[in-house]
Amino acid sequence: MSALRVRGRCWKVGDNIPTDAIVATANLFKPYEEMARHVLASVHPEFVLGVKPGDVLVAGRHFACSSGRAVAPKALRATGIGVVVAESFARTFYRNAHEIGLPILECPGITEQVREGDELDVDVEAGLVRNLTLGQTIQAVPPPPFLRGMLKAGGLHAYLELHGGEFVS
Amino acid sequence: MGMTLAQKVLAQTSGKPTVLPGEIVDAYPDLVMSHLASWRSIRQLEQVGVDRLYDLNRIAVVLDHRSPARTPEDAGHHQLIREFVKRHGIPVYYDVHEGIAHLVLMERGHVLPGMLILGTDSHSTIYGALGAFGTGVGFTEVTSVWLTGCVWMKVPESVRVVITGRFPPAVFGKDLMLALIGQLTANGCTYKSVEFTGDLVANLSISERMTFCNLAMELGAKCAFVPADAVTEAYLAGRAKRPYELLRPDPDAPYARQVTVDASALTPMVSCPHQVDNAKPITAVQGTRIHQAFLGSCANAKYEDLEVAAGILKGRRVHPDVRLIVTPGSREIYLQAMRSGALQTLVEAGAMLTNPGCGACAGDGGSLGDGEVCLSTANRNFLGRMGSRTSQIYLSSPATLAASAIKGVIADPREFLA
């Protein structure tokens with residue numbers, strides 16, 4: 001089961017963050033806990049030092065582009081982050097995150113409406129981001145029902161187990 | 001209404017007469033390629049506790065990212081994969097000596113027009129060079145497809161890129177793609193299928209088509225195609241593992257966008273740090289000092305690429321302050337360039353020749369030190385990708401790379417190929 005309602009501090013990064021910045025090549029074969037200690041270090045060094053379980057990572061356009069690097073969402077999850085909200089995602093990351101049950105939410109306009117440090121309440125199912133600090137609600141794009149099911153199950157393998165090895169899209 | 005190539009392949013592989021963009025289908029891929037990441041899927045299978053795979057003939061395993069093994073851990077992963085392949089009798093398997101998975105699978109006739117191919121590598125879009133729907137997935141998904149045979153796919157919208165005119169001297173497919181990525185941005189075709197068409201494409205070699213479809217990934221594309229034609233048939237003659245049909249898009253297929261490119265108006269292009277869409281004409285960056293030149297990767301380490309570089313370097317010397325690393329894409333390419341003399345020319349000029357594979361592009365050797373600059377024929381230049389966080393990567397065609405390796409600075413290849 002993945003929590004689809006997340007409340008925590010906002011951490012912000014910019015546009016076009018590559019998976020190379022999430023997990024550098026040198027760390028690709030380390031345990032996830034070790035990878036997690038270096039996540040985004042080249043673009044936001046304070047992130048791994050201060051992130052707390054349930055915090056919210058907010059990114060710009062085309063988050064996690066570059067190599068498919070399916071360990072990237074796993075390393076992000078290992079930091080304790082509860083959800084990633086971005087203007088848009090690179091497609092391999094979009095798949096890989098859902099498949100391991102890491103909630104992500106596409107939310108055009110998000111970077112203009114939240115600041116680093118704001119308290120955010122994210123409802124992935126409803127596709128809503130509430131900025132509790134500023135008292136604003138931002139409409140995101142909720143995942144299609146099929147992917148919501150996969151997130152609820154906790155990822156692709158758990159989902160297939162629930163459905164007898166069959167997709168029901 | 002007719003269907004695009006992406007629609008046709010997804011309709012065919014999901015057992016439906018038609019599919020529409022935006023629809024989610026359960027498709028049965030024809031081939032699932034996994035490289036070194038296979039070890040993670042094998043471990044996941046052990047966790048799931050199931051050992052019966054859906055269809056061994058739809059699995060391809062190629063060891064390419066760290067070949068030969070760099071560390072005892074790599075060697076252990078290789079052992080695990082070899083044992084797994086043997087135990088299951090997976091017929092399509094290529095070990096560390098064969099080269100980059102994408103190129104090997106195409107050379108050996110496993111990739112055919114109209115196929116749906118998943119790969120644990122984002123540049124799986126390259127299979128579109130032979131008219132196949134190639135797309136990147138993660139190892140969790142590979143595990144699932146090994147077991148169920150099935151994958152969920154959202155039918156993408158398509159973008160049609162019409163290329164007219166002819167390449168001026170010293171301008172190649174790589175230059176066109178860097179210019180296109182600069183124009184449309186790295187996010188320009190995210191989630192979309194890209195179809196290349198037009199007069200120039202009709203006569204284009206499979207090698208250049210590979211560069212097109214490979215670099216389409218850097219537009220954010222889900223897949224890319226050059227519709228199969230007589231050039232495809234000629235390439236596949238004697239290679240194809242089974243009969244195939246030349247799948248073409250319908251004349252009235254729906255395109256979300258059409259982009260026209262006049263190849264005649266292009267100049268050599270260079271993609272500057274640290275994003276592929278930071279593309280500039282050669283004249284804007286020539287004179288930039290380089291420390292390393294890397295001729296390799298699934299984008300531009302094919303036989304034609306090595307020949308172009310060797311043609312420029314013949315009888316000349318690599319600049320004493322530059323390390324030129326040449327990593328042929330595959331064993332077939334290596335042999336072909338060995339027979340033609342291209343390898344000898346490159347080594348005589350001062351190049352360092354490595355075994356076929358991903359090499360420095362995947363961070364396997366050829367690491368950059370602090371403040372160093374690398375010119376590379378690969379497809380990515382993100383911060384720190386080839387080593388130090390203060391190093392810089394520029395991307396170019398093999399011709400620009402060869403000219404620059406001679407000069408010691410980013411240099412215009414038209415001086416050598418006019």
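Let us start in chain B of this predicted model, where strand 15 and strand 16 (residues 352–353) run parallel and are joined by 2 bridges. If you look at strand 16 of chain B, you will find Met352(B) standing opposite Ile325(B). Strand 15 of chain B, which covers residues 323–326, also has strand 14 (residues 292–295) of chain B as a partner. Here too the pairing is parallel, and it extends over 4 bridges. One of the matches to look for is Ala293(B), whose bridge partner in strand 15 of chain B is Leu324(B).

Now let your eye follow chain B onward from strand 16. The loop between strand 16 and strand 17 (373–376) of chain B holds Asp364(B). Is Asp364(B) buried or exposed? Asp364(B) counts as buried because 21 other C-beta atoms lie within 10 Å, and the cut-off for being buried is 20 or more. Leaving aside neighbours within four places in sequence, the contacts of Asp364(B) include His65(B), Arg66(B) and Arg70(B), together with Cys358(B) and Gly359(B). For another distance to try on screen, take Arg58(B), which is 306 residues away from Asp364(B) along the chain. The C-alpha atoms of Asp364(B) and Arg58(B) are separated by 29 Å.

Chain B also offers a pair of helices to look at. Helix 12 (residues 303–313) and helix 13 (residues 331–340) of chain B have axes that come within 9 Å and cross at roughly 35°. The crossing of helix 12 and helix 13 of chain B is right-handed. Which residues make the contact? From helix 12 of chain B come Tyr303(B), Leu306(B) and Glu307(B), while helix 13 of chain B brings Ile333(B), Gln336(B), Ala337(B) and Ser340(B). Sorted by class, the residues of this contact are 4 nonpolar, 2 polar and 1 charged.

Next, turn to chain A and find its open sheet. There, 7 strands are arranged in the order 4-3-2-1-5-6-7, with mixed pairing. Which strands sit at the edges? They are strand 4 (104–106) and strand 7 (136–139) of chain A, each of which pairs on one side only. From one strand to the next, the twist averages 30°. Within chain A, you can pick out strand 2 (residues 56–59) and strand 3 (residues 83–86), a parallel pair with 4 bridges. Opposite Ala59(A), in strand 3 of chain A, stands Ala86(A).

Moving on from strand 7 of chain A, you reach the loop that leads to helix 7 (145–153) of chain A, and this loop is the place of Pro143(A). Pro143(A) is buried, because 21 other C-beta atoms lie within 10 Å. Not counting residues up to four places away in sequence, Pro143(A) touches Val124(A), Arg148(A) and Leu151(A). His98(A) is 45 residues from Pro143(A) along the chain, and their C-alpha atoms are 9.7 Å apart.

Finally, bring the two chains together. Where they meet, 33 residues of chain B are in contact with 31 residues of chain A. On the chain B side, strand 1 (24–27) and helix 5 (139–148) each supply at least two residues. Helix 5 of chain B gives the most to this side, with 6 residues. The side of chain B that touches chain A divides into 12 nonpolar, 13 polar and 8 charged residues.

How confident is the prediction, and what are its scores? For chain B, the mean pLDDT is 97, and 100% of its residues reach 70 or more. The model as a whole scores ipTM 0.90 and pTM 0.96.

Key:
Residues are numbered from 1 along each chain as its sequence is written. Chains are lettered from A and ligands numbered from 1 in the order in which they are written. This is a predicted model: local features need pLDDT of at least 70, side-chain atom pairs count only at pLDDT 80 or more; totals for chains, interfaces and linings use all residues. Two residues are in contact if their C-beta atoms, placed from the backbone, lie within 7 Å. Ala, Val, Leu, Ile, Met, Phe, Trp, Tyr, Cys and Pro count as nonpolar, Asp, Glu, Lys and Arg as charged, and the others, Gly among them, as polar. Axes are lines fitted to C-alpha atoms, for helices over the stretch in contact, and angles run from 0 to 180 degrees between N-to-C directions. A crossing is left-handed if the near helix is turned anticlockwise from the far one by less than a right angle, and right-handed if clockwise. pLDDT is the predictor's confidence in each residue, from 0 to 100. Two strands pair if DSSP finds at least two bridges between them. A residue is buried if 20 or more other C-beta atoms lie within 10 Å of its own, exposed if 12 or fewer, and partly exposed in between; C-beta atoms are placed from the backbone.
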